[in-house]
Amino acid sequence: MQSKRICCTILKFDGFQGALNFVDKLSAFQVMLDLWERKINAGRLAMFSHLCSYCEDNNYEISESLKNDIASHLHILKNEFSRYFPEIAKSQFAQVRNPFQAKMDDCVLHNNGAA
């Protein structure tokens, strides 16, 4: 419900294109969080440049518990974004993004009194 209010607010200020841009950026951020979590679990920390440079400058090895804490935090953050903005990108804007690939079941047809 909250995500629909946010989308409506964005539509009021930026128009429909603003809402599509918001959804694209939100989806990209969620994908990035997932990628970062997988990389942390694989032991790669390059996406955290300050942390990497600190470790290199001070000859410090990051402990497994810190890697697990970072991965856990990213996982929780990803889940919170998914909970706060539940799947608004795929179905709501599909017919606007490409009307030739939209499914008829997803389209809302209005009868304006025409016979």
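1. A residue counts as buried when its relative accessible area is under 20%, as exposed when that area is over 50%, and as partly exposed in between. Trp 36 has a relative accessibility of 22% and therefore counts as partly exposed. The model discussed in this note is a predicted one.

2. On the overall fold, the protein contains four helices and zero strands. Its elements follow the pattern α-α-α-α when read along the sequence. Among contacts in the protein with a separation of 6 or more, 70% involve residues 24 or more positions apart.

3. On the surface, the protein has 115 residues, of which 21% count as buried. The exposed area comes to about 8,800 Å², and carbon and sulfur atoms supply 56% of that area.

4. Helix H1 covers residues 2-41, and Gln 30 lies within this helix. Is Gln 30 buried or exposed? Gln 30 counts as buried because its relative accessibility is 17%, and the cut-off for buried is under 20%. Leaving aside residues up to four places away in sequence, Gln 30 touches Lys 78, Phe 81 and Ser 82.

5. Aromatic pairs deserve a separate point. A search of the whole structure finds two of them. In one, the ring centres of Phe 29 and Phe 81 are 5.1 Å apart and the ring planes stand at 70 degrees, so the pair is edge-to-face; the cut-off for that class is over 60 degrees. Phe 29 belongs to helix H1 and Phe 81 to helix H3 (residues 64-84), so this pair ties together parts that are 52 residues apart in sequence.

6. The accessibility of these two rings' residues may be stated briefly. Phe 29 counts as partly exposed, at 31% relative accessibility. Phe 81 is also partly exposed, and its relative accessible area is 23%.

7. The other pair is formed by Trp 36 and Phe 48, whose ring centres lie 5.9 Å apart with the planes at 55 degrees, so the pair is tilted. This pair links distant parts of the chain, 12 residues apart: Trp 36 is in helix H1, whereas Phe 48 is in the loop between H1 and helix H2 (49-57). Phe 48 has a relative accessible area of 24% and is therefore partly exposed.

8. Helix H1 thus recurs through these points. Gln 30 lies in helix H1, as does Phe 29 of the edge-to-face pair and Trp 36 of the tilted pair. Phe 81 likewise appears twice: Gln 30 touches Phe 81, and the ring of Phe 81 pairs with that of Phe 29.

Note on methods. Residues are numbered from 1 along each chain as its sequence is written. This is a predicted model: local features need pLDDT of at least 70, side-chain atom pairs count only at pLDDT 80 or more; totals for chains, interfaces and linings use all residues. Side-chain values use heavy atoms; hydrogens and water are left out. Helices (H or I, at least four residues) and strands (E, at least two) are DSSP runs, numbered from the N terminus. Buried means under 20% relative accessible area, exposed over 50%, partly exposed in between (1.4 Å probe, protein chains only). Contact means heavy atoms within 4.5 Å. Accessible areas come from the Shrake-Rupley method with a 1.4 Å probe; for residues, only the protein chains shown count as cover. Rings of Phe, Tyr and Trp (its six-membered ring) pair if their centres lie within 6.5 Å; planes under 30 degrees apart count as stacked, over 60 as edge-to-face and the rest as tilted.
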